[in-house]
Amino acid sequence: MKIFPCSSIKKLDAYTIEHEPIASIDLMERAAIALAEAVSQKWGNETPVTVFAGPGNNGGDALAVARILSEKEYAVEVFLFNIKGRLSADCQINKERIEEKTNVKLHEITTQFVPPLLTPAHLVIDGLFGSGLNKPLSGGFAAVVKYLNSSSATIVSIDMPSGLMGEENTFNVKSNIIHANYTFSLQLPKLAFLFAENAEFVGQWELVDIKLSPEAIERTETNYEILEEQEIRSLIKPRKRFAHKGNFGHALLIAGSKGMAGASILSAKACLRSGVGLLTIHAPLCNNDVLQTTVPEAIVHTDACETCFAVPVDADEYQAIGIGPGLGKDEETESALLEQLERCQTPLVLDADALNILANHRHALAHLPKNSILTPHPKELERLVGKCQDSYERLNKACELAQNSHVYIILKGAYSAIITPQKKCYFNSTGNPGMATGGSGDVLTGIILALLAQGYSSEAAAKIGTYIHGLSGDIAQREVGTIGLIASDIITYLPNAWDVLSK
């Protein structure tokens, strides 16, 4: 599913109007019918509805929704803000249409606004400003937003919470943005929906199909997409009847240190549950016994050092290498990692302490094999690229790092972003808050390592690995709940997740 900047969405509207063809007012009516249906599916007509409409097309949508809901016997009150005495053409038409309805209370605000009483029983429909906003709200509209936010009513925003911008909100005035409980986005999501700091404004977002031109959507380029199951299914290679372990690669996992054997175990088990032919774990001597016992399917290669990774490995015989889970940051480990990076020609998966060591030796980024995969969480990324003000800046800096270092980056979070060296961003659609637990990232590293060893491209491995990691977490959540979910549960349900995508 594509994500377009708001400027491109206007072009999709225009293309649909021209080529369907359909009049602009009729496209607005089609959107309003779909929006009203979405409202009526959640709230019965015993719910009092108060509509706040702005002077533009978002206000026109809101007026049309108000009229349609009144025809469904909802009690509707409308506040139309026309401070400058100038409505968009379609908003004007919908104003005239709603004036014909005797059962709708319409208040056109041209000067002073007297706020209505809003109770917990009320549903507010926010149609003040949509996706065309390009500067923070101020003055009277900011005051209206603050009033709505202070009310106890449920708020549904049409397309965008008023005051929120579709992409960058770094310099927005957060107190002047609607705090919606629900956002009904027209046709496609907005990039801003996927950033953690905007969750308080967006609430639960849902897509409302207004039948914009599929041809225009297909032909219009964008750097942002949301991964969906169909795409992931198409990437998974079928296994042949006479396949053997040699067909599925030999992976090397360099992981663990004294007291951190668990990280290497989680990563190793996830790798083995993701189809790798053979797995060798390079670990300090102190972790040998526990690895041999808990991961009997793996080969254990011990470091000369008792407690940490201190001696680089001859990696020529391996198809893929993963480094980082539980590695530690001892001085010997730093030296060994830097030397290991210089030796490697095969794309790597780097996570956790491997990334933290890289952050202390940024010159080593130049030694990474092309198409390696880095899997930082936000703080680990900032150690590599510098402090970021918000998710938008963080995403842009991650894109620059991917391009400059010729690597793939999986920026982990609620919508993990897979970023390519060409600065394309694919946002993951699976996963849940129960996965925010120690060891979850180690599991992801193991999955991606297995896919690389099997011959998947770095991009395919990153996409499949991130999606299947989240899908397994979703299955685990259904079985054990959110709060009680631990990283090993993700591994437990990996076979189920692979089965879902292989049918």
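These are my notebook entries on a predicted model of one protein chain.

**Entry: the whole chain**

I started with the overall figures. The chain has 503 residues, and 58% of them are buried. Its secondary structure comes to 18 helices and 18 strands. I took the extent from the C-alpha trace, which spans about 85 × 50 × 40 Å along its principal axes.

Next I looked up the surface. The accessible area of the chain is about 21200 Å². Carbon and sulfur atoms hold 50% of that area.

Then I turned to contacts. I kept those with a separation of 6 or more, and 74% of them join residues 24 or more positions apart.

Charges came last in this entry. I counted 43 positive and 57 negative charges in the chain. The mean positions of the two sets are 2 Å apart.

**Entry: cysteines**

How many disulfides does a search of the whole structure find? The search finds zero.

I checked two cysteines for the reason. For Cys271, the closest cysteine sulfur is in Cys344, 16 Å away, so the distance is too far for a bond. Cys271 counts as buried because its relative accessibility is 0%.

Cys305 has its closest cysteine sulfur in Cys308, at 3.7 Å. A disulfide needs the two sulfur atoms within 2.5 Å, so the 3.7 Å between Cys305 and Cys308 is too far for a bond. Cys305 also counts as buried, with 17% relative accessibility.

**Entry: salt bridges**

I counted 18 salt bridges. I followed up several of them.

Glu71 pairs with Lys101, and their closest N and O atoms are 2.9 Å apart. This pair links distant parts of the chain, 30 residues apart. Glu71 sits in helix α3 (residues 57–71), while Lys101 is in the loop between α4 (89–99) and β4 (104–109). I looked up the exposure of both partners. Glu71 is partly exposed at 46% relative accessible area. Lys101 is partly exposed too, at 26%.

Glu382 takes part in a salt bridge with Lys387, at 3.8 Å from N to O. Are the partners buried or exposed? Glu382 is buried, with a relative accessible area of 10%. Lys387 is exposed, at 62%.

Glu382 also meets Arg394 in a salt bridge, here at 3.0 Å from N to O. Glu382 lies in helix α13 (residues 378–385) and Arg394 in helix α14 (residues 391–405), so the pair ties together parts 12 residues apart in sequence. Both Glu382 and Arg394 are buried.

I also noted a network. Glu29, Arg67 and Arg97 are joined into one by salt bridges that share partners.

**Entry: a buried charge without a salt bridge**

I then looked at Asp353. I placed Asp353 in helix α12 (residues 353–360). Asp353 is buried, yet has no salt bridge. Which side chain of opposite charge is nearest to Asp353? That side chain is Lys329, 4.9 Å away. A salt bridge requires nitrogen and oxygen within 4 Å, so Lys329 at 4.9 Å does not qualify.

I listed the contacts of Asp353, leaving aside neighbours within four places in sequence. The partners are Gly324, Gly326, Leu327, Gly328 and Lys329.

**Entry: backbone**

Most residues other than glycine have a negative phi, and most peptide bonds are trans. I looked up exceptions.

The peptide bond between Glu20 and Pro21 is cis, with omega about -20°. Pro21 is in the loop between α1 (6–19) and α2 (24–42).

Gln187 has a positive phi, near 75°, and is not a glycine. Where is Gln187 found? I found Gln187 in the loop between β7 (182–186) and α6 (199–202). Gln187 is buried, at 15% relative accessible area.

Lys423 is not a glycine either, and its phi is positive at about 70°. Lys423 lies in the loop between β17 (417–419) and β18 (425–427). Lys423 is partly exposed, with a relative accessible area of 29%.

Terms used: Residues numbered from 1 in each chain as written. Predicted model: local features only at pLDDT ≥ 70, side-chain atom pairs only at ≥ 80, totals over all residues. Heavy atoms only, no water. Helix = DSSP H or I, 4+ residues; strand = E, 2+ residues; numbered from the N terminus. Buried < 20%, exposed > 50% of the residue type's maximum accessible area, 1.4 Å probe, protein only. Lys, Arg positive; Asp, Glu negative; His and termini not counted. Contact = heavy atoms within 4.5 Å. Areas by Shrake-Rupley, 256 points an atom, 1.4 Å probe, with all protein chains shown as cover. Charge placed at Lys NZ, Arg CZ, Asp CG, Glu CD.
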